[in-house]
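Got your viewer open? Let's take a walk through this one together, one selection at a time.

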Amino acid sequence: TQACLDAIEGADALGAFVHKTPEIALERARAADARIAQGDAPAMCGLPIGIKDLFCTKGVDSQAASRILQGFKPEYESTVSQQLLDDGAVMLGKLNMDEFAMGSSNETSVYGNVVNPWKVDDRALTPGGSSGGSAAAVAADLCLAATGTDTGGSIRQPAAFTGITGIKPTYGRCSRWGIVAFASSLDQAGPMTKDVRDAAIMLQAMCGHDPKDSTSADIPVPDFEAMLTGDVKGKVIGIPREYRMDGMPEEIEKLWADGTAMLKDAGAEIRDISLPHTKYALPAYYVIAPAEASSNLARYDGVRYGHRAKLAQGDGITEMYEKTRAEGFGHEVQRRVMVGTYVLSAGFYDAYYNRARKVRTLIKRDFEQVFDSGIDAILTPATPSAAFGLGEMAQADPVQMYLNDVFTVTVNLAGLPGVSLPAGLDKQGLPLGLQLIGRPWEEGDLLNTAYALE
Ligand code: GLN
């Protein structure tokens with residue numbers, strides 16, 4: 001813990017940790033030592049970790065990287081972080097992210113950018129987003145592991161950009177209670193770690209049924225680490241042809257082919273598959289996610305949490321809402337609220353929101369059919385490129401940024417588990433990731449397939 005705290009002090013330039021809690025960390029580390037001395041040490045006991053700012057942590061600033069939650073110190077602990085603490089994990093502090101987890105580059109944060117610890121010729125690169133602080137902190141050895149959340153790729157894309165491992169579990173595996181809501185039907189927490197074994201151990205501690213989240217599943221949690229044998233003989237791996245996009249960089253093609261060859265050499269059977277509705281996933285996601293966000297973010301009204309705008313003489317409650325929300329939300333969040341409100345409005349609901357929901361069902365059905373035909377896991381690239389430069393993806397054209405999520409959003413729409421793992425470097429020496437998508441509730445099997453690729 002002390003070594004991590006020292007490393008964090010020397011790494012302010014990365015912008016990964018935004019609220020540091022060294023005293024709490026050292027106290028918890030001592031308590032963990034005592035537990036270990038008594039022989040009562042669960043797997044996470046004494047391990048120093050970072051927590052994404054989206055998780056409510058009792059008595060510790062929890063701002064979702066937004067101005068509107070400035071000064072918010074929750075009275076309660078999120079279920080997932082509580083489970084980690086109960087297991088003896090040591091929280092070092094809170095990690096930077098895109099505001100309300102909306103973004104793919106960590107550039108929408110009120111705290112400012114995170115810098116990717118990987119560099120090319122001193123060009124500052126994004127660590128990805130929205131869990132960019134988590135990814136950078138793990139990659140730069142500021143902590144052993146971190147929590148992330150993934151609504152449309154926010155664990156897997158930053159993991160790929162920083163050369164670490166991240167898994168988004170099946171929807172319902174981890175409790176959402178106490179995690180600031182973005183798009184409730186898509187949001188899932190998951191671990192971001194240095195390798196697959198760490199991911200298995202940390203996921204174990206994070207998941208399980210929680211009566212406080214009605215979508216949390218009451219199904220047994222197997223011993224994920226024990227399932228890591230590396231044996232994939234006889235497993236059937238699907239390669240979806242729709243993920244082979246026009247203009248895909250050669251090195252991404254090669255990465256994918258190399259991963260396929262590795263699994264084949266390990267004894268897996270490789271099959272070409274089709275997921276025909278893939279091309280509608282991004283548009284459906286960018287209707288459904290803002291729709292749910294606009295509803296979830298209605299609670300930030302200047303009364304219940306955080307920031308309230310200064311009011312002028314004669315201002316009433318409407319002005320208070322308007323001024324608070326105009327000042328408190330950044331541009332990307334405002335855009336999502338406007339898009340979401342529009343697609344849910346009486347005149348456009350059927351044309352946009354309802355249509356997107358139908359597309360979502362078709363996407364889910366594509367996966368079900370593929371799994372019913374005997375496919376055990378699906379292999380794809382995690383991202384269409386390596387990390388891009390900070391400020392390079394024009395803020396003026398949000399769609400360019402949204403395109404980065406092309407391989408990841410399908411998994412959230414279908415509620416499936418997906419893991420991103422480091423799979424090599426591009427020509428410039430930057431990490432690239434592969435993604436494996438699994439059957440619902442089969443994270444153990446999925447992690448084992450990832451383990452075989454490691
Ligand atoms: N980049 C996606 C978005 O901006 C995904 C975010 C996430 O998974 N939290 O919505």
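What do the buried residues of α3 pack against? Keep that in mind as we set off, and remember that what you have on screen is a predicted model.

**Stop 1: helix α3**

Select residues 79-86, which make up helix α3. Six of the eight residues here are buried, so the helix is largely enclosed by the rest of the structure. Colour Thr79, Val80, Ser81, Gln83, Leu84 and Leu85 to pick out those buried residues. Now for the opening question: they pack against β2, β3, β4 (145-150), β6 (188-193) and α6 (196-206). Show those pieces alongside the helix. Before moving on, click on glycine 88, which follows α3 and has a positive phi, near 95 degrees.

**Stop 2: strand β3**

One of the neighbours you just displayed is β3, so select residues 90-95. Is this strand mostly covered or mostly open? It's mostly covered: six of its six residues are buried.

Next, bring in the strands that pair with β3. Strand β1 (residues 17-20) runs antiparallel to β3, and three bridges join the two. To see the pairing up close, zoom in on histidine 19, which stands opposite lysine 94. Strand β2 (residues 48-52) pairs with β3 in the parallel sense, over four bridges. For this pair, click on proline 48 and look for its bridge partner in β3, valine 90.

**Stop 3: the loop after β3**

Now follow the chain into the loop between β3 and α4 (132-139). Some backbone oddities are waiting here. As background, most residues other than glycine have a negative phi, and most peptide bonds are trans.

Select phenylalanine 100, which lies in this loop. Its phi is positive, about 50 degrees, although it is not a glycine. Buried or exposed? Phenylalanine 100 counts as buried, because it has 31 C-beta neighbours inside 10 Å.

Step along to alanine 101, also in the loop between β3 and α4. Alanine 101 is not a glycine either, yet it has a positive phi of about 65 degrees. It counts as buried too, with 30 C-beta neighbours inside 10 Å.

Further along the loop, select glycine 129 and serine 130: the peptide bond from one to the other is cis, with omega near 5 degrees.

**Stop 4: the ligand**

Show the ligand and the residues around it. How many residues surround it? There are 13, and the closest are Ala101, Ser104, Thr151, Gly152 and Ser154. You'll recognise Ala101 from the last stop. Colour the shell by class and you get four nonpolar, seven polar and two charged residues.

**Stop 5: helix α7**

Jump to residues 250-265, helix α7. Its 16 residues reach 22 Å from the first C-alpha to the last, close to the 22 Å expected at 1.5 Å a residue. Highlight Ile252, Leu255, Trp256, Gly259 and Leu263, which are buried. Turn the view so you look down the axis of α7: the buried residues fall within an arc of 95 degrees, so they line one face of the helix.

What is on the face turned away from the buried side? There you'll find the exposed residues Glu250, Ala257, Ala261 and Asp265. Now show what covers the buried residues of α7, including β7 (236-240), β9 (377-381), β11 (431-438) and α14 (443-453). Just after α7, glycine 267 takes a positive phi of about 105 degrees.

**Stop 6: strand β11**

Finish by selecting β11, where eight of the eight residues are buried. In a regular strand the side chains alternate between the two faces of the sheet. Try colouring β11 that way: Pro431, Gly433, Gln435 and Ile437 sit on one side, Leu432, Leu434, Leu436 and Gly438 on the other, and both faces are covered.

Then add the strands that pair with β11. Five bridges join it to β9, and these two run antiparallel. Click on threonine 380 and glutamine 435 to see a pair of bridge partners. β10 and β11 are antiparallel as well, with six bridges, and here leucine 425 has proline 431 as its bridge partner. Last click: glycine 429 in the hairpin of β10 and β11, which has five residues between the strands, takes a positive phi near 90 degrees.

Conventions:
Residues are numbered from 1 along each chain as its sequence is written. This is a predicted model: local features need pLDDT of at least 70, side-chain atom pairs count only at pLDDT 80 or more; totals for chains, interfaces and linings use all residues. The expected span of a helix is 1.5 Å times one less than its number of residues. A residue is buried if 20 or more other C-beta atoms lie within 10 Å of its own, exposed if 12 or fewer, and partly exposed in between; C-beta atoms are placed from the backbone. The arc is that of the directions from the helix axis to the C-beta atoms. Two residues are in contact if their C-beta atoms, placed from the backbone, lie within 7 Å. A residue is near a molecule or strand if its C-beta atom, placed from the backbone, lies within 6 Å of it. Ala, Val, Leu, Ile, Met, Phe, Trp, Tyr, Cys and Pro count as nonpolar, Asp, Glu, Lys and Arg as charged, and the others, Gly among them, as polar. Two strands pair if DSSP finds at least two bridges between them.
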